[in-house]
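Trainee: I have the sequence and the model open. Can we go through the structure piece by piece?
Mentor: Yes. Ask, and I will reason each answer through.

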Amino acid sequence: MGKKVTVIGAGSVGATVAYTLSVMGIADEIVMIDINESKVLGEALDIRQGLPFYSTSSVYAGGYAEAENSDIVVITSGMARKPGQSRLDLAQANVDIIKSIADKIVPVCPDATYVIVSNPVDVLTYVFLKHTGLPEERVIGSGTVLDTARLRARISEYYSVNQKNVHAYVLGEHGDSSFVPWSLANISNVPVETFKDALQTKDTYPEFVMEEVEEYMRKSGARVIQRKGATFYAVAMSVCHICKCIYANAGTA
């Protein structure tokens with residue numbers, strides 16, 4: 001049986017998740033579900049018409065019944081964050097939405113692994129887990145994966161190094177209370193704060209300021225929203241990384 005992923009929500013994040021899953025070849029079959037049937041049909045058609053160049057075999061819009069036998073269900077539905085809003089401002093409206101979705105999708109996919117992306121993601125992941133009664137290991141919030149990517153991106157900019165060589169993490173809430181365990185942060189096993197000293201070069205680099213990097217990590221999402229209205233590329237890539245890891249853990253990557 002091929003790898004099947006259902007994406008619930010065909011807004012900017014959901015559609016980009018489905019697109020990125022296709023381009024990365026993570027799933028053989030992708031089902032897209034949204035309350036706006038016209039929108040989801042258009043998004044699925046747009047992606048499907050590019051599939052001859054990639055390995056994904058099928059992307060289509062459907063209802064909850066079509067999600068049956070999905071290995072992973074990604075939930076992106078909910079009110080989007082607007083300029084000036086915090087993630088927590090969305091809490092009550094999105095709690096109601098995710099409960100409604102849970103009641104429809106879990107009976108169809110009782111054995112799937114659920115990846116919650118909608119904000120506030122930590123609150124909604126907890127609500128989804130308690131509302132459904134699913135095992136904890138099968139309900140995953142996208143959490144601080146995106147924050148970690150933003151952190152690594154900023155560190156790589158300081159020293160003009162490949163982001164793949166940066167190893168650092170953000171823990172805690174996906175929000176303003178997140179934190180960085182700097183003792184774990186390194187570039188190719190060299191601690192971040194001493195990396196400049198280890199470089200045998202005449203090039204000059206700015207002073208590494210941990211507080212600035214943390215501020216960048218926490219506020220960059222709001223900056224993107226202020227400038228272009230929404231964030232979706234980075235979060236979609238982060239979610240697809242989670243899906244890839246789930247399949248790898250299952251031995252099907």
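Trainee: Is β1 largely enclosed by the rest of the structure, or left open?
Mentor: This is a predicted model, where local features need pLDDT of at least 70, side-chain atom pairs count only at pLDDT 80 or more, and totals for chains, interfaces and linings use all residues. Residues are numbered from 1 along each chain as its sequence is written, and side-chain values use heavy atoms, with hydrogens and water left out. Strands here are DSSP runs of E, at least two residues, and helices are runs of H or I, at least four, numbered from the N terminus; buried means under 20% relative accessible area, exposed over 50%, partly exposed in between (1.4 Å probe, protein chains only). Five of the five residues of β1 are buried, so β1 is largely enclosed.

Trainee: Which residues of β1 point the other way from K4, T6 and I8?
Mentor: K4, T6 and I8 share one direction. All the residues on both sides are buried. The other way point V5 and V7.

Trainee: How many bridges join β1 to β2, and which residue in β2 stands opposite V7?
Mentor: Two strands pair if DSSP finds at least two bridges between them. β1 and β2 run parallel, joined by five bridges. Opposite V7 in β2 stands M32.

Trainee: What is the hand of the β-α-β crossover from β1 to β2?
Mentor: The chain leaves β1, passes through α1 and arrives at β2. A crossover is right-handed if, with the strands pointing away from the viewer, the path from the first strand over the helix to the second runs clockwise. This one is right-handed.

Trainee: Which residue in β4 is the bridge partner of T6?
Mentor: β1 also pairs with β4, in the parallel sense, over four bridges. In β4, the partner of T6 is V73.

Trainee: Which element supplies the largest share of the largest nonpolar core?
Mentor: A nonpolar core is a set of buried Ala, Val, Leu, Ile, Met, Phe, Trp, Tyr and Cys residues joined through side-chain atoms within 4.5 Å. This one has 31 residues, and V17, L21, M32 and V74 touch the most other members. β1 (4–8), α1 (12–24), β2 (29–33), α2 (37–48), β4 (72–75) and α8 each supply at least two residues. The largest share, eight residues, comes from α8.

Trainee: How many residues are in the other core, apart from that one?
Mentor: Its members include V31, I33, I105 and V127. The count is 22 residues.

Trainee: Does L45 count as buried or partly exposed?
Mentor: L45 sits in helix α2. Its relative accessible area is 37%. That makes L45 partly exposed.

Trainee: Which backbone nitrogen lies 3.4 Å from a polar atom of the N119 side chain?
Mentor: N119 is in the loop between β5 (113–116) and α4 (121–132). N119 is buried, with a relative accessible area of 18%. The nitrogen belongs to V121.

Trainee: How far apart are the end C-alpha atoms of α4?
Mentor: The expected span of a helix is 1.5 Å times one less than its number of residues. For the 12 residues of α4 that should be 16 Å. The model agrees, at 16 Å.

Trainee: Which residue just after α4 takes a positive phi?
Mentor: The buried residues of α4 include L124, V127 and F128. Their cover includes β4, α3 (91–105), β5 and β6 (139–141). Just after the helix, with a phi of about 75°, comes G133.

Trainee: What distance does α5 reach from its first C-alpha to its last?
Mentor: α5 covers residues 145–159, 15 residues in total. The expected value is 21 Å at 1.5 Å a residue, and the model is close to that. The reach is 22 Å.

Trainee: Which strands stand at the edges of the three-strand open sheet?
Mentor: The order is β7-β8-β9, with antiparallel pairing. Each edge strand has a single partner, so one side is left without a neighbour in the sheet. The edge strands are β7 and β9.

Trainee: Which side chain makes a polar contact of 2.7 Å with E214?
Mentor: E214 lies in helix α7 and is buried, at 15% relative accessible area. A polar contact is a pair of N or O atoms within 3.5 Å; within protein, one must be able to donate a hydrogen and the other to accept it, and residues adjacent in sequence count only if both atoms are side-chain atoms. The partner is W182.

Technical notes:
Contact = heavy atoms within 4.5 Å.
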